[in-house]
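Student: I've got a model open on my screen and I'd like to learn how to read it. Could we walk through it together?

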Amino acid sequence: MNEPLLPPEAGLDLTRAILARTSGPACQRLHNLACAFVDGELDSAQGGLVRLHLASCPSCQSLVGALIETRNLLPALAQTNPGPWFTQRVMRATTRRPAPQNATDRRPLWWKLMHRPRIALEAAYLGAAAGLVGSYLPIPTPPVSLRVPAFVHPLGASAQRVKSQVVQAERRSTLALQQSLRPKAATSAEPRPTLWQRSSAWARARLRAFRSAPPPPAKGNEASPANP
Amino acid sequence: MELSQALPLVRRGDELAWEFFVRFFQGRVFGLAYHYTAQAEDARDLAQDVFVRIYQNLALVPDEPGCLPWIIRITRNACIDHLRRRKARPPLWDLPAEELFDLRATDQNPEEAHLAAVRKTMVHRALQELTDLNREIILLKEIQGLGLEEIAAILEVPLGTVKSRSNRARLELAQKLCAAGMGG
């Protein structure tokens with residue numbers, strides 16, 4: 001009388017039917033326990049229940065099979081051969097070497113600075129900056145007195161007199177030139193004009209002259225007598 | 001020679017010990033970089049950069065229990081920097097992942113070696129389909145064999161998150177492999 005009343009296939013179908021109408025399939029519960037089952041962390045009772053479910057559920061069987069496969073495969077992925085020359089590359093990149101003592105390294109610092117690619121750009125920049133600053137500085141005036149050294153002619157007094165007259169004439173002309181060159185601002189309290197201010201004054205004068213000049217006759221006015 | 005014996009010499013700058021150190025860790029560093037970048041050449045350059053960084057900080061190399069997590073942390077940071085740069089300036093071409101696993105010398109017969117390589121490639125592709133956190137947990141726990149606390153410190157997430165995500169990530173990977181036809 002211990003014979004089962006139903007054949008095994010019919011028994012499985014009946015189990016599925018009953019589970020479908022009661023708790024639903026137990027696959028989700030198995031998913032929660034699958035990792036612990038694969039790692040052998042379940043006690044014997046829970047392990048037996050999992051085995052019982054696996055015997056009748058192909059999808060959970062394949063899932064547990066994949067888990068077992070990954071558990072065996074994943075540690076082998078920890079190391080991958082980077083190729084035959086990798087160690088040499090790393091050693092070449094990391095080994096300390098003394099700096100090469102060739103002729104280039106013994107050149108002085110100014111030589112190395114002069115032979116940089118940016119030296120022309122830097123020189124141009126410095127020149128432009130110096131020109132800009134210089135255009136705003138006051139223009140230096142010549143010294144007030146021009147010293148003429150004493151001159152004694154070895155031939156005699158008459159020649160020396162002539163020479164002194166020449167020297168005095170030169171001194172007068174030099175002083176006159178100095179007076180003409182000396183800017184008015186030097187004598188007054190006003191600051192000396194800069195090159196920028198002078199050029200601006202020159203530009204203003206040119207503009208005034210241009211505006212005050214009579215306009216050239218238009219072509220239309222010339223043609224008007226011919227074509228009234 | 002054991003790694004624990006070599007580490008003091010490495011810290012002192014002994015070149016032979018450094019070569020031993022490079023040979024000892026190069027497979028792990030390159031493998032981790034390859035899993036992050038999926039490009040062999042990028043992974044090779046990154047692994048070299050990692051060793052150069054380590055060499056510049058030789059005095060900071062910790063003793064053996066903490067040495068591997070330290071190296072993995074440096075490698076991960078370098079890979080994440082690289083991926084950020086690549087995202088900002090993507091390369092003109094992007095080749096699929098190469099079949100690197102054929103490079104390994106094995107004692108298997110050719111058919112078994114081929115099957116093993118195919119399975120590893122499938123696992124690698126399934127890993128690329130996981131979310132970032134799940135993939136990193138698989139990489140660090142299942143592949144590199146780090147502990148949960150070390151992973152939490154490296155990823156800067158709570159320990160409970162790593163614990164709960166660990167089994168979920170394994171399950172997700174297994175489901176993707178099942179969908180690819182493996183495990184049946």
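Tutor: Happy to, and let's begin where the two chains meet. This is a predicted model, and in it the contact draws on 28 residues of chain A and 37 residues of chain B.

Student: Which helices of chain A each supply at least two residues to the side that touches chain B?

Tutor: Those are α2 (27-39), α4 and α5 of chain A. The most comes from α4(A), which gives eight residues.

Student: And how do the residues on that side of chain A divide into nonpolar, polar and charged?

Tutor: You get 15 nonpolar, 11 polar and two charged. As for interface size in general, people often quote the accessible area lost when the parts come together. Here we'll stick with the residue counts, 28 from chain A and 37 from chain B.

Student: Can we zoom in on one residue? Where is Leu74(A)?

Tutor: Look in the loop of chain A between α4 (58-73) and α5 (86-94). Setting aside neighbours within four places in sequence, Leu74(A) is in contact with Glu142(B) and Ile143(B).

Student: Why does Leu74(A) count as buried?

Tutor: We count C-beta neighbours, and the cut-off for buried is 20 or more within 10 Å. Leu74(A) has 21 inside 10 Å, so it counts as buried.

Student: What percentage of chain A counts as buried?

Tutor: In chain A, 7% of the 228 residues count as buried. For chain B, the figure is 33% of 184 residues.

Student: How many helices and strands does each chain have?

Tutor: Chain A has 11 helices and zero strands, while chain B has eight helices and, again, zero strands.

Student: What about contacts between residues far along the sequence?

Tutor: Take the contacts between residues at least 6 apart in sequence. In chain A, 53% of them join residues at least 24 apart. In chain B, 59% of such contacts are between residues 24 or more positions apart.

Student: Let's do a single helix. Where is the kink in α2(B) centred?

Tutor: On Phe25(B), and the kink is about 45°. Then follow α2(B) to its end: after the helix comes Ala38(B), whose phi is positive, near 60°. Ala38(B) isn't a glycine, and still has that positive phi.

Student: Which loop is Ala38(B) in?

Tutor: The one between α2 (15-37) and α3 (40-56) of chain B. Ala38(B) has 19 C-beta neighbours inside 10 Å, so it counts as partly exposed.

Student: Which other residue should I check for a positive phi?

Tutor: Try Glu156(B), which also isn't a glycine and has a positive phi of about 60°. You'll find Glu156(B) in the loop between α7 (148-155) and α8 (159-179) of chain B.

Student: Is Glu156(B) buried or exposed?

Tutor: Exposed, because Glu156(B) has 6 C-beta neighbours inside 10 Å.

Student: Back to α2(B). At what angle do α2(B) and α4 of chain B pack?

Tutor: At about 30°, where α4(B) is residues 64-88, and the two axes are 10 Å apart. The crossing of α2(B) and α4(B) is right-handed.

Student: Which residues meet there?

Tutor: From α2(B), they are Phe25(B), Val29(B), Leu32(B), Ala33(B), Tyr36(B) and Thr37(B). Across from them, α4(B) offers Ile71(B), Ile72(B), Thr75(B), Cys79(B), His82(B) and Leu83(B). By type, the contact has nine nonpolar residues, three polar and no charged. Notice that Phe25(B), where the kink is centred, is one of the residues meeting α4(B).

Student: How far should I trust all this?

Tutor: Check the confidence. Where pLDDT is low, the predicted coordinates should not be read in detail. Chain A has a mean pLDDT of 75, with 68% of its residues at 70 or more. For chain B the mean is 85, and 89% of residues reach 70 or more.

Student: Where does pLDDT stay under 50 in chain A?

Tutor: Residues 99-103 of chain A are one such stretch, with one contact beyond four places in sequence. Residues 222-228 of chain A are another, also with one contact beyond four places. In chain B, pLDDT is below 50 over residues 95-99, a stretch with five contacts beyond near neighbours in sequence.

Student: What ipTM and pTM does the predictor give the complex?

Tutor: An ipTM of 0.78 and a pTM of 0.58.

How values were computed:
Residues are numbered from 1 along each chain as its sequence is written. Chains are lettered from A and ligands numbered from 1 in the order in which they are written. This is a predicted model: local features need pLDDT of at least 70, side-chain atom pairs count only at pLDDT 80 or more; totals for chains, interfaces and linings use all residues. Helices (H or I, at least four residues) and strands (E, at least two) are DSSP runs, numbered from the N terminus. A residue is buried if 20 or more other C-beta atoms lie within 10 Å of its own, exposed if 12 or fewer, and partly exposed in between; C-beta atoms are placed from the backbone. Two residues are in contact if their C-beta atoms, placed from the backbone, lie within 7 Å. Ala, Val, Leu, Ile, Met, Phe, Trp, Tyr, Cys and Pro count as nonpolar, Asp, Glu, Lys and Arg as charged, and the others, Gly among them, as polar. pLDDT is the predictor's confidence in each residue, from 0 to 100. The bend at a residue is the angle between axes fitted to the seven residues ending there and the seven starting there. Axes are lines fitted to C-alpha atoms, for helices over the stretch in contact, and angles run from 0 to 180 degrees between N-to-C directions. A crossing is left-handed if the near helix is turned anticlockwise from the far one by less than a right angle, and right-handed if clockwise.
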